[in-house]
Amino acid sequence: MQSKDYQQLVEGIGDAVVVCDAAGAITVWNDAAVRMFGFTREDALGQSLDLIIPERQRQRHWDGYNKSMSTGETRYGNDVLRVPALHKEGRTLSIAFTVAMLFDDARKVTAIVAVIRDETVRWAEERQLRIRVAQLEAAAAAAASA
């Protein structure tokens, strides 16, 4: 696969693709990321991931990010991570993503790639289902004890 093919893949995929360098600066921000987060490429490129990370999540994020950069390992290559994120308009999104680490010839981490899906609607639907189940269970328990 040639460089042009990779570029077409990144742009054509329906999920957001965000690449950051080892310091956490955004170097790739595809069209799906623009749609998902509301930030243009010009808004995002060169910026910190803090652009889309809620304030209360930042310390935890950077602790994990820095550990991954120093060890060259992450568990989120196979496991999906589900976290809140920020849209440009200030609203919260529920996102799910996996990552891939990129290395130079000396096996030093040079970048990290995140493939991100917006699960805000699915998460809200599941939350409503959990509430409804709890209501039904409470009603059934009340009826059984009456």
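Here is a chat between a newcomer and an author about how the labels on this predicted model are earned.

Reader: Let's begin with the sheet. What makes E1 and E2 a pair of strands?

Author: Two strands pair if there are at least two bridges between them. E1 and E2 are joined by 3 bridges, so they pass, and they run antiparallel. You can look at one spot yourself: Val-18 stands opposite Trp-29 in E2.

Reader: And how do you know that E5 pairs with E1 and with E4?

Author: By the same cut-off of at least two bridges. There are 6 bridges from E1 to E5, and 9 from E4 to E5. Both pairings are antiparallel. Asp-21 stands opposite Ala-111 in E5, while Met-101 stands opposite Ile-112 in E5.

Reader: Which order do the strands of the open sheet have?

Author: Its 5 strands go E2-E1-E5-E4-E3, with antiparallel pairing. On average, neighbouring strands are turned by 35° against each other, direction ignored.

Reader: Why are E2 and E3 called edge strands?

Author: Each of them pairs on one side only. E3 covers residues 81–86.

Reader: What lies across the sheet strands E1, E3, E4 and E5?

Author: That's helix H4, which runs at about 135° to E5.

Reader: Now the inside. Which residues of the largest nonpolar core touch the most other members?

Author: The core has 27 residues, and those with the most contacts to other members are Val-18, Trp-29, Phe-37, Leu-49, Ile-95 and Ile-116. Several elements supply at least two residues each, among them strand E1 (16–21), helix H2 (31–37) and helix H4 (58–71). E4 gives the most, with 5 residues. As a general remark, nonpolar side chains tend to be buried together in soluble globular proteins.

Reader: What is Ile-116 in contact with?

Author: Leaving out neighbours within four places in sequence, Ile-116 is in contact with Asp-15, Ala-16, Val-18, Met-36, Phe-37, Ile-95, Ala-96 and Phe-97.

Reader: How many aromatic pairs are there in the whole structure?

Author: The search finds 2.

Reader: Why is the pair of Trp-29 and Phe-37 called tilted?

Author: The ring centres are 5.5 Å apart, and a pair needs them within 6.5 Å, so Trp-29 and Phe-37 count as a pair. Their planes stand at 40°. Stacked would need under 30 degrees and edge-to-face over 60, so tilted is the label left. Trp-29 and Phe-37 are both buried.

Reader: And what makes Trp-62 and Tyr-65 edge-to-face?

Author: Here the planes are at 70°, and the cut-off is over 60 degrees, so the label fits. The centres of the Trp-62 and Tyr-65 rings are 5.1 Å apart. Both residues lie in helix H4, 3 residues apart, which is about one turn of the helix. Trp-62 and Tyr-65 are buried too.

Reader: Staying in H4, why is Ser-68 called buried?

Author: Buried means under 20% relative accessible area, and Ser-68 has 10%, so it qualifies. Apart from neighbours within four places in sequence, Ser-68 is in contact with Glu-73, Thr-74, Met-101 and Val-109.

Reader: Is Glu-119 buried or exposed?

Author: Buried: its relative accessible area is 14%, and the cut-off is under 20%. Glu-119 sits in the loop between E5 and H5.

Reader: What makes the link between the side chains of Glu-119 and Arg-82 a polar contact?

Author: The distance is 3.1 Å, and the limit for a suitable N or O pair is within 3.5 Å, so the two side chains make a polar contact. Not counting residues up to four places away in sequence, Glu-119 touches Ser-94, Ile-95 and Ala-96 as well as Arg-82.

Reader: Why is Glu-126 called partly exposed?

Author: Its relative accessible area is 32%, which falls between the buried limit of 20% and the exposed limit of 50%, so the in-between label applies. Glu-126 is in helix H5 (residues 120–145).

Reader: Last one: what makes the phi of Arg-107 worth a look?

Author: Most residues other than glycine have a negative phi. Arg-107 is not a glycine, yet its phi is positive, about 65°. Arg-107 lies in the turn of the hairpin formed by E4 and E5, which has 5 residues between the strands. Arg-107 is called exposed because its relative accessible area is 57%, and exposed means over 50%.

Key: Residues are numbered from 1 along each chain as its sequence is written. This is a predicted model: local features need pLDDT of at least 70, side-chain atom pairs count only at pLDDT 80 or more; totals for chains, interfaces and linings use all residues. Side-chain values use heavy atoms; hydrogens and water are left out. A nonpolar core is a set of buried Ala, Val, Leu, Ile, Met, Phe, Trp, Tyr and Cys residues joined through side-chain atoms within 4.5 Å. Buried means under 20% relative accessible area, exposed over 50%, partly exposed in between (1.4 Å probe, protein chains only). Helices (H or I, at least four residues) and strands (E, at least two) are DSSP runs, numbered from the N terminus. Contact means heavy atoms within 4.5 Å. Axes are lines fitted to C-alpha atoms, for helices over the stretch in contact, and angles run from 0 to 180 degrees between N-to-C directions. A polar contact is a pair of N or O atoms within 3.5 Å; within protein, one must be able to donate a hydrogen and the other to accept it, and residues adjacent in sequence count only if both atoms are side-chain atoms. Rings of Phe, Tyr and Trp (its six-membered ring) pair if their centres lie within 6.5 Å; planes under 30 degrees apart count as stacked, over 60 as edge-to-face and the rest as tilted.
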